[in-house]
Amino acid sequence: ITVVVLMGVFLSIAIPNMSTMIMDNRLTAQANTLLSAMIYGRSEAIKRNVDVVVCASSDQKTCAQTFIAWTNGWIVYYTPSANYSAPGSSTNPVPAPTTTEIIRKYPALGGNNSILGTTVQGMVVFQPNGLALELNPADHWFSVCDSRGINYAKILMLTSTGRAEIISPSNGSITWGSSTV
């Protein structure tokens with residue numbers, strides 16, 4: 001009976017900690033997957049000497065055109081550079097991908113987690129010089145969240161230079177460089 005009681009006490013402490021660890025690891029893995037897509041898109045733009053687009057996509061074939069769709073997955077594709085205007089502009093918009101231009105696909109997030117970002121059209125365009133198209137003057141961020149909220153989120157910050165980094169909030173706010181989100 002003593003062993004059963006000790007096991008019950010041990011399990012009542014260990015199981016909640018185990019579920020928190022699983023949630024933390026899932027968030028970290030999903031944020032790192034998004035980070036790797038951005039780094040990959042930038043490096044492919046430089047290597048191929050063309051524009052490369054990383055965009056939200058729920059079907060892994062087309063861009064979703066909205067910042068809330070990142071949760072459903074995303075794609076990386078290349079398109080010949082043609083002095084595109086900022087994503088979402090009607091002047092010289094970034095073209096939709098063809099099946100031969102898609103170079104990597106990422107599925108929807110698991111674990112009921114979500115990604116929200118500040119890219120209004122749900123895309124980031126990396127130019128052949130490695131810069132992210134029209135992200136100035138503000139940096140952009142993507143938050144990977146679970147049911148615990150922003151205090152546990154992983155935040156991907158992206159600058160117009162193409163620099164990307166994962167940070168964690170401190171007391172509900174995020175400080176990166178001279179900015180606080």
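**Notebook: two sheets, a helix and a disulfide**

I began in a loop: Thr 159 lies between β7 and β8 (164-167). Helices and strands here are DSSP runs, numbered from the N terminus, where a helix is H or I with at least four residues and a strand is E with at least two. This is a predicted model, in which local features need pLDDT of at least 70 and side-chain atom pairs count only at pLDDT 80 or more, while totals for chains, interfaces and linings use all residues. Residues are numbered from 1 along each chain as its sequence is written, and side-chain values use heavy atoms, with hydrogens and water left out.

**Entry: Thr 159**

Is Thr 159 buried or exposed? I found that Thr 159 counts as buried, at 11% relative accessibility. My cut-offs are under 20% relative accessible area for buried, over 50% for exposed, and partly exposed in between, with a 1.4 Å probe and protein chains only. I also noted a polar contact of 2.7 Å between the side chains of Thr 159 and Thr 161. A polar contact is a pair of N or O atoms within 3.5 Å; within protein, one must be able to donate a hydrogen and the other to accept it, and residues adjacent in sequence count only if both atoms are side-chain atoms.

**Entry: the sheet with β7 and β8**

Next I followed the strands on either side of that loop. They belong to an open sheet of four strands, in the order β4-β6-β7-β8 and with antiparallel pairing. Its edge strands are β4 and β8, each pairing on one side only. Neighbouring strands of this sheet are turned by 20° against each other on average, direction ignored. For such angles, axes are lines fitted to C-alpha atoms (for helices, over the stretch in contact), and angles run from 0 to 180 degrees between N-to-C directions. Two strands pair if DSSP finds at least two bridges between them.

I then looked at β4 (residues 114-117) by itself. Which of its residues are buried? Ile 115 and Gly 117 point to one face and are buried, while Ser 114 and Leu 116 point to the other and are not. A useful rule to remember is that side chains in a regular strand alternate between the two faces of the sheet.

Four bridges join β4 to β6, and the two run antiparallel. The bridge partner of Ser 114 in β6 is Cys 145. Cys 145 is buried, with a relative accessible area of 16%.

**Entry: the other four-strand sheet**

I found another open sheet of four strands, with the order β3-β2-β1-β5 and antiparallel pairing. The strands at its edges are β3 (102-106) and β5 (123-126), each of which pairs on one side only. Here neighbouring strands are turned by 15° against each other on average, direction ignored.

How many bridges join β1 (residues 51-56) to β2 (residues 74-79)? I counted six, and these strands run antiparallel. Ala 56 stands opposite Trp 74 in β2. On to β5: four bridges join β1 to β5, again antiparallel, and Val 54 has Val 124 as its bridge partner in β5. From β5, Met 123 and Val 125 point one way and Val 124 and Phe 126 the other way, and all are buried.

**Entry: cores and the disulfide**

I looked up the nonpolar cores, which are sets of buried Ala, Val, Leu, Ile, Met, Phe, Trp, Tyr and Cys residues joined through side-chain atoms within 4.5 Å. The largest has 26 residues, and those with the most contacts inside it are Met 38, Trp 70 and Trp 74. At least two residues of this core come from each of α1 (2-48), β1, β2, β5, β6 (140-145) and β7 (154-158). Helix α1 gives the most, with eight residues. Apart from this core lies another, of nine residues, including Cys 55, Ile 75, Tyr 77 and Met 123.

Cys 55 led me to the disulfide (a pair of cysteine sulfur atoms within 2.5 Å). Cys 55 and Cys 63 form one, with their sulfur atoms 2.1 Å apart, and both residues are buried. Why is it called left-handed? The torsion about the S-S bond is about -80°, so this disulfide is left-handed.

**Entry: Arg 42 and Ile 39**

My final stop was helix α1, where I found Arg 42. Arg 42 is partly exposed, at 29% relative accessible area. Leaving aside neighbours within four places in sequence, Arg 42 is in contact (heavy atoms within 4.5 Å) with Phe 126, Gly 130, Thr 161 and Gly 162. Ile 39 is found in α1 too, and is partly exposed with a relative accessible area of 49%. Its C-alpha atom is 8.3 Å from that of Arg 163, a residue 124 places away along the chain.
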